[in-house]
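Work through the exercises below with the model open. Each task is followed by a stepwise solution.

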Amino acid sequence: MEQDSVPPPGCLQSACRMMPPPCGRSPDTMDTRFLLALFLVLLVLGFEVQGAHLPQQEESASPTLLTQMQESLSSYWDSAKAAASTLYQKTYLSTVDEKLRDMYSKSTAAMSTYAGILTDQLLSMLKGEE
């Protein structure tokens with residue numbers, strides 16, 4: 001006859017006495033902390049909702065930091081554009097401009113030729129030999 005491997009009742013009680021309690025806290029302490037955390041979250045959400053009901057007119061009266069930064073960056077950008085435009089007008093050379101235009105026209109002509117060759121090759125590959 002095989003016996004189930006059930007230890008005698010006295011053995012289980014001694015094993016339970018030797019094991020430390022889980023996390024060293026009682027369930028009541030954990031429930032209290034959970035309720036405290038939940039209360040704090042609800043309190044913060046309540047303050048956020050109350051803050052949403054404030055009139056928006058007070059904010060538009062004084063410019064915010066973001067608006068001031070945007071205006072500052074915009075003025076810096078405008079001054080940089082003006083300086084670059086002035087520098088370009090001072091250093092404008094008609095010979096350099098002509099060379100750039102010539103290079104552009106030659107490169108676009110070469111690219112259109114190579115694009116045509118590539119297109120023909122793709123069409124012949126897709127169509128196959130007849």
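## Exercises on a predicted model

Leu35 sits in helix 2, which spans residues 27-52. The model is predicted.

**Exercise 1.** Classify Leu35 as buried or exposed, and find the nonpolar surface patch that includes Leu35.

Step 1. The relative accessibility of Leu35 is 54%. Exposed means over 50%, so Leu35 counts as exposed.
Step 2. Leu35 joins Phe34, Leu38, Val41, Leu42 and Leu45 in a nonpolar surface patch. The patch covers about 610 Å².

**Exercise 2.** State how many salt bridges a search of the whole structure finds, and locate the partners of Asp97 and Asp102.

Step 1. The search returns two salt bridges.
Step 2. Asp97 pairs with Arg101 through their side chains, at 3.2 Å from N to O.
Step 3. Asp102 pairs with Lys106, and their closest N and O atoms are 3.4 Å apart.
Step 4. Apply the cut-off: a salt bridge needs N and O within 4 Å.

**Exercise 3.** Place both pairs in the secondary structure and give the spacing along the chain.

Step 1. Asp97 and Arg101 lie in helix 5, residues 94-127. They are four residues apart, about one turn of the helix.
Step 2. Asp102 and Lys106 also lie in helix 5. Their spacing is four residues, again about one turn.

**Exercise 4.** Assign an exposure class to each partner.

Step 1. Asp97 has a relative accessible area of 18%. Buried means under 20%, so Asp97 is buried.
Step 2. Arg101, at 57%, counts as exposed.
Step 3. Asp102, at 37%, is partly exposed.
Step 4. Lys106, at 56%, is exposed.

How values were computed
Residues numbered from 1 in each chain as written. Predicted model: local features only at pLDDT ≥ 70, side-chain atom pairs only at ≥ 80, totals over all residues. Heavy atoms only, no water. Helix = DSSP H or I, 4+ residues; strand = E, 2+ residues; numbered from the N terminus. Buried < 20%, exposed > 50% of the residue type's maximum accessible area, 1.4 Å probe, protein only. Patch = residues over 30% accessible without salt bridge, like charges linked within 9 Å, V, L, I, M, F, W, Y side chains within 5 Å. Areas by Shrake-Rupley, 256 points an atom, 1.4 Å probe, with all protein chains shown as cover.
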